Amino acid sequence: MYEFIKKNIYLIILFIITLSIGFLTFLTFIDKGFIELSNQNLQILLVLNIVLLVALFVFIFIEIKSAIKNDIDKDGLKSNKKYITYFGLFTLIPSVLISIFSLFLFSFALEKYFDKKVTTVVNNSYELARNYVEEIRNKIQSDIVLIAFDTNKSKKFLNDNQNEYRRFLNTQKLIRDVDEVHIIDINKKLLFSTLNDDQPYVPPVDRALNLVLDDDRPLKIINAPENISAAIMRLQNFENRFLYVVKYLDKDISRYLTESEEAINFYYTVEEKSTGIKISFAIIYIIVVSVLLFVSISIAIRFSSRFFRSINNLILASTSIGQGNFNAKVPEVKTDKDLETLNKNFNLMIDRLKSQQEKLIINERHEAWGSLARKLAHEIKNPLTPIQLTIDRLKNKYSKQLNENETENFKDNLKVINNQIKQIEKLVNEFSDFARMPKPIFRENNLVNIIEENINLLKELDNSIDINFKKDFNKISLESDKEQISRAFLNLIKNSIESINQKAQNNNNFRKKIAIELTEDDSHIIVTLEDNGVGFSELKNNIKDILNPYFTTKKNGTGLGLSIVNKIINDHNGKIDFIPIQNGAKINITFIK
């Protein structure tokens, strides 16, 4: 998820901006945004929406095209593109249908919102609230006229007596159902009032007082935010005295009236801009659907690329194997665990097939060379005996007839012939051994003991070489033919000793050493042999040739030693690898348990 966000961060930012402008346009149409509702502002917002929407479409197209190129086209599978197309269509078609249906529903709901009955209810509710407030205000105007009439008539009775005025005004307050009755002078100073000493007095505004200075008619004073309706009137029978009456409205009436007014203004604004609201809603929906479509296609591309890349790799690998190329491998790509397991098992199967093929080839090769070796051994061995007998006769007959100098020369020549005969005899014996190698008889043997026995034997022949043997356990069992597996290790260690001694002929100032390591896990036994001899540098490009029968780099070698070792290891379900290293050679032997 983090990688997806990081990869598409610019698209996400563009989506947020486009969606925000879409919502801002919608709010502006209903006059609820921070931008003033005007035709010019709406035109600018609509043009900006279109530009951002086009940019969003272009960006989505580029991203999808890039994803298809990077994740699908390089795989080369038509089925991959086909499934991506299907996935995109299955996402697009429902999205388009839902969009059309939603827009239809929204349009239908908006039209129902402006139904004649709804409009009548909205208008009536506002008129009802407004008439109620107007009625209260008109009543205070009539009440003040009656209070002023009684006050003017009671001038002599009141006679500026504070107690009489208070009693009179309180009576008027009860009779007229008002909240405050005041008599003030021209300076708005309170002369008489129904207020108690602890109640605050709020004088009328100057403008209201100025309007009734020369006018005997009552003046309504509206102070709706504080839920107050008041009136002021000049008292005709008094000089520069004014009657100021206050009536508190219901505590929620002003709020109701304000809310009703705002609601009706909003209602008619929405009605007037209904087309624009539909457009902005459609833009918002298209933005959301486009991004959802992009996300779904991106998920489809990612899923299919992960899935079909593995399938494609399997197809390519199986095709190569079908053509006989057992070096083909399925790349280990990051995908689902099941597919990773499938790829891993397929590679293991390829390795086993390759190993079996190599064993078959080796067996066929050994059989062919064995047959040839038997024929060569037979054809070469037959004349050796008469040649040896003839040499003995020549030696016995002519050695006594020749003088001393000729006798010495004669014996040297016979010695050379004998040495060559012995060399041919050795070659014939190796041919015979190679041709007559019996099938292994498998029993459980301790490889640790087998290797140690060979090391001890070879140390007696040459103790100048440091042979270090490292093992994980004192007993590592392998189903094997003890004689054959011992012969294989003896041959390998002996080859390392010969390689080191060959190097020592030109350089005596180095430490001769052989390192042997034996390890075991659940399924394999691994033997590693490393020396600091002459190595395989001459065979770096054709190192596998070393296993071919009769291929040798030694002056007096027959080329059969490593071939016999390879056959023994293959017969024991193993594999041998020769690895060139700097200043030496390394051999890995792996047995599958």
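## A first look at helix α13 and its surroundings

Helix α13 turns one set of residues inward: Leu 447, Val 448, Ile 450, Ile 451, Asn 454, Ile 455 and Leu 458 are its buried residues. Seen down the helix axis, these residues fall within an arc of 165°, so they line one face of α13. The model you are looking at is predicted. Its protein chain has 15 helices and 12 strands, and of its 593 residues, 39% count as buried.

**The chain as a whole**

- Take the contacts between residues at least 6 apart in sequence: 68% of them join residues at least 24 apart.

**More on helix α13**

- The helix runs over residues 447-461, which makes 15 residues.
- How far apart are the end C-alpha atoms of α13? They are 22 Å apart, and this agrees with the 21 Å that the helix should span at 1.5 Å a residue.
- At the N-terminal end, Asn 446 acts as a cap for α13. A side-chain oxygen of Asn 446 lies 3.1 Å from the backbone nitrogen of Val 448, and Val 448 is also one of the buried residues of the helix.
- What covers the buried residues of α13? Among the strands that do so are β6 (443-446), β7 (466-471), β8 (477-480), β9 (513-520) and β10 (524-531), and the cover also includes α14 (482-504).

**Ser 480, a residue of strand β8**

- Strand β8, part of the cover over α13, holds Ser 480.
- Ser 480 has a relative accessible area of 1%, so it counts as buried.
- Which residues does Ser 480 touch, leaving aside its neighbours within four places in sequence? Its contacts are Ile 441, Phe 442, Arg 443, Asn 445, Ile 485 and His 572.

**Aromatic rings**

- How many aromatic pairs are there? The count comes to 1 aromatic pair.
- Tyr 165 and Phe 192 form this pair, and their rings are stacked, with 3.8 Å from centre to centre and 5° between the planes.
- The two partners come from distant parts of the chain, 27 residues apart: Tyr 165 sits in helix α7 (residues 162-176), while Phe 192 sits in strand β2 (residues 190-193).
- Are these two rings' residues buried or exposed? Tyr 165 has 0% relative accessibility and therefore counts as buried. Phe 192 is buried as well, with a relative accessible area of 7%.
- Elsewhere, Lys 155 lies over the face of Phe 238, at 5.5 Å from the ring centre.

How values were computed: Residues numbered from 1 in each chain as written. Predicted model: local features only at pLDDT ≥ 70, side-chain atom pairs only at ≥ 80, totals over all residues. Heavy atoms only, no water. Helix = DSSP H or I, 4+ residues; strand = E, 2+ residues; numbered from the N terminus. Expected span 1.5 Å × (residues − 1). Buried < 20%, exposed > 50% of the residue type's maximum accessible area, 1.4 Å probe, protein only. Arc of directions from axis to C-beta. Contact = heavy atoms within 4.5 Å. Polar contact = N/O pair within 3.5 Å; in protein donor to acceptor, adjacent residues only side chain to side chain. Phe/Tyr/Trp six-rings, centres within 6.5 Å; stacked < 30°, edge-to-face > 60°. Lys NZ or Arg CZ within 6 Å of the ring centre and 35° of its normal.
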